[in-house]
Amino acid sequence: FMLDAATGEVNWHTKINAEVLADPAFDGSYVVVAAGNGEIFAFAAADGEQVWSLPTDVPALTLRGNSTPTLAAGGAIIGTATGKLTVVVLENGQQAWEARLAVPKGATELQRLVDVDSAPIVSGPTIYNIAYNGQLAAIEIRTGRIIWQREYSSFQNLEMYGNTLYLTDTQDHVYAINTDGGIERWVNNDFEGRELTAPVYFKGHIVVGDDFGYLHFIDAQTGMTSGRLELDDAAYSQPVVEDDQLYIQTRDGTLLAVRIN
């Protein structure tokens, strides 16, 4: 569905014969959607007409989720369930390049999961992304050349502020990584087993929600836990920062707005 932001009226809608598990991407001209069956669709933003579609491989077992596409430099940048990051030309749906962020390893399908479900981050000429059971990597946007990569595992979105990447890994550890060379600045191990959300930067803090109904605040410079706020229910998704406020949705559907002095 494409809705009018001012009135909420439906401008157009179209049907995709697959489950959509990630946010669509929009740049004013195109809407790009990654479907659960591995197919990528592009639609004209003006009227919803399909411009192209591109199938990608999906292993027998994958994580439940998809990478939200990022649109930049005339391309759609998308993570796949096979551990790759691919760039597709927006005008025609042709693949420009792909880079591998994870290699399946292990004897079982569960051990061989390598989904790239994190939304790619673009900063200047560089893309940053991470894979489950794989690597955090910096990739050259024009060529797909891997500039650096470090061994971290996550299916959560990354956060970037200044020259630092923040991530929540599969062990519920929160990291700060310098974008220049991938050097680790700090790690916070206080929240193991709490099923953390992806992190967000908010007024000098890194904020994560958990499955026990708390927001946790971490000093962005030192990595030390600086406070927490009890919620009505478990945090459902990554907090969102807008207009000096932090918004968080809980599992029971409540939307909370948080301010700090």
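K203 counts as partly exposed, at 41% relative accessibility. I open with this residue, in what is a predicted model, and I shall come to its backbone after the other parts of the structure.

Let me begin with the overall architecture. The protein contains zero helices and 25 strands. Its radius of gyration is 18 Å, close to the 18 Å that the globule rule gives for 261 residues, so the protein is as compact as a globular protein of that length. Measured out along the principal axes in the computed model, the C-alpha trace spans about 50 × 50 × 35 Å.

How much of the protein counts as buried? Of the 261 residues, 49% do. The exposed surface comes to about 13100 Å², and carbon and sulfur atoms supply 45% of that area. As for the contacts between residues at least 6 apart in sequence, 39% of them join residues at least 24 apart.

I turn now to charge. The protein carries 15 positive and 34 negative side chains. The centres of these two sets lie 6 Å apart. In general, side chains of opposite charge can pair when their charged atoms come close. How many salt bridges does the structure hold? There are five, and I shall describe three of the pairs individually.

The pair I take up to begin with is E98 with K84, a salt bridge in which the closest N and O atoms are 3.1 Å apart. This pair links distant parts of the chain: E98 belongs to strand β10, residues 95–100, and K84 to strand β9, residues 84–89, with the two positions 14 residues apart in sequence numbering. E98 counts as partly exposed because its relative accessibility is 44%.

Next comes R194, which forms a salt bridge with D210; here the closest N and O atoms are 2.6 Å apart. Where do the two partners of this pair sit? R194 is in the loop between β18 (184–188) and β19 (200–202), while D210 is in the loop between β20 (205–209) and β21 (214–219). The two are 16 residues apart, and the pair links distant parts of the chain. Are R194 and D210 buried or exposed? Both are buried.

The remaining pair in this account is R251 with D211, a salt bridge whose closest N and O atoms are 3.3 Å apart. R251 lies in the loop between β24 (245–249) and β25 (255–258), and D211 in the loop between β20 and β21, so the pair ties together parts that are 40 residues apart in sequence. R251 counts as partly exposed, at 47% relative accessibility. D211 also falls in the partly exposed class, at 38%.

Let me move to two buried positions. I40 is placed in strand β5, residues 40–44. Why does I40 count as buried? Its relative accessibility is 2%, against a cut-off of under 20% for that class. Leaving aside neighbours within four places in sequence, I40 is in contact with V32, V33, W52, S53, L54, T56 and I78. One of these partners, W52, is 12 residues from I40 in sequence, and the C-alpha atoms of the two are 8.3 Å apart in space.

The other position is A34, in strand β4, residues 30–34. At 6% relative accessibility, A34 counts as buried. Which residues does A34 touch, not counting those up to four places away in sequence? They are V20, E39, N66, S67, P69 and I78. I78 therefore appears in the contact lists of both I40 and A34. A34 and A18 are 16 residues apart along the chain, and their C-alpha atoms are separated by 9.5 Å.

Finally, I come to the backbone. Most residues other than glycine have a negative phi. What is the phi of N133? The value is near 55°, which is positive in a residue other than glycine. N133 is found in the loop between β12 (126–130) and β13 (136–140). N133 is partly exposed, with a relative accessible area of 37%.

This returns us to K203, the residue with which I opened. Phi of K203 is near 50°, again a positive value in a residue other than glycine. K203 lies in the loop between β19 and β20.

To close, the picture is of a predicted model with 25 strands and zero helices, holding five salt bridges. Thank you for your attention.

Definitions and conventions
Residues numbered from 1 in each chain as written. Predicted model: local features only at pLDDT ≥ 70, side-chain atom pairs only at ≥ 80, totals over all residues. Heavy atoms only, no water. Helix = DSSP H or I, 4+ residues; strand = E, 2+ residues; numbered from the N terminus. Rg over C-alpha atoms; globule rule 2.2 N^0.38 Å. Buried < 20%, exposed > 50% of the residue type's maximum accessible area, 1.4 Å probe, protein only. Contact = heavy atoms within 4.5 Å. Areas by Shrake-Rupley, 256 points an atom, 1.4 Å probe, with all protein chains shown as cover. Lys, Arg positive; Asp, Glu negative; His and termini not counted. Charge placed at Lys NZ, Arg CZ, Asp CG, Glu CD. Salt bridge = Lys/Arg side-chain N within 4 Å of Asp/Glu carboxyl O.
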